[in-house]
Amino acid sequence: MSSIFTVQTPWVKKEEVKRNWYIIDAKDKILGGLASRLAYMLQGKHRPDYTPHVDQGDFFVIVNAEKIRLTGKKLDQKVYWRHSGYMGGLKLETARKLLERQPEKLIYLAVKRMLPRNRMRKRLLKKLKIYAGPEHPHQAQNPKPMEI
């Protein structure tokens, strides 16, 4: 016997998405926990009407990136690398040096590597604004404070 009533999942269209702005203070937050939560929310998975193929994530402003914490010996043992493509072009940098030089990049790379590797990743990362200090230029958007 078939049911008369069928429940259909509501699919959200990109025009119907309403985005909010949130501000998160990264002071004394652990890098991995913050990054995984941000990757989850950038995809819009925290919304009850989540649709996988639609970008419905909110905007996030991260301040005090220079005061983020890494647990254990990661500051000295975690190595970030990049390669120019030429012989001998490998550049290595520890997390401590990267935190001193570019604290925003430390959070950016952690979130980027937790997002799915597809066409939407670049679009999702554009909604993540990271600043080393407590000041940011997004006052006009009235970001709501969020605790993670």
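Here is a short chat about the predicted model shown above.

Visitor: What kind of model is this, and how are residues numbered?
Guide: It's a predicted model, where local features need pLDDT of at least 70 and side-chain atom pairs count only at pLDDT 80 or more, while totals for chains, interfaces and linings use all residues. Residues are numbered from 1 along each chain as its sequence is written, and side-chain values use heavy atoms, with hydrogens and water left out.

Visitor: OK, what's in the largest nonpolar core?
Guide: That core has 29 residues. A nonpolar core here is a set of buried Ala, Val, Leu, Ile, Met, Phe, Trp, Tyr and Cys residues joined through side-chain atoms within 4.5 Å. Buried means under 20% relative accessible area, exposed over 50%, and partly exposed in between (1.4 Å probe, protein chains only). Among those with the most contacts inside the core are Phe 60 and Leu 106.

Visitor: Which helix gives the largest share of this core?
Guide: H1, with seven residues. Helices (H or I, at least four residues) and strands (E, at least two) are DSSP runs, numbered from the N terminus.

Visitor: Switching topic: which residue in the loop between S1 and H1 should I look at?
Guide: Asp 28 sits there. Asp 28 has a positive phi of about 60 degrees, though it's not a glycine. Most residues other than glycine have a negative phi.

Visitor: And Asn 64, buried or exposed?
Guide: Asn 64 is buried, at 7% relative accessible area, whereas Asp 28 is partly exposed at 48%. Asn 64 also has a positive phi, near 60 degrees, and lies in the loop between S2 and helix H2 (74-77).
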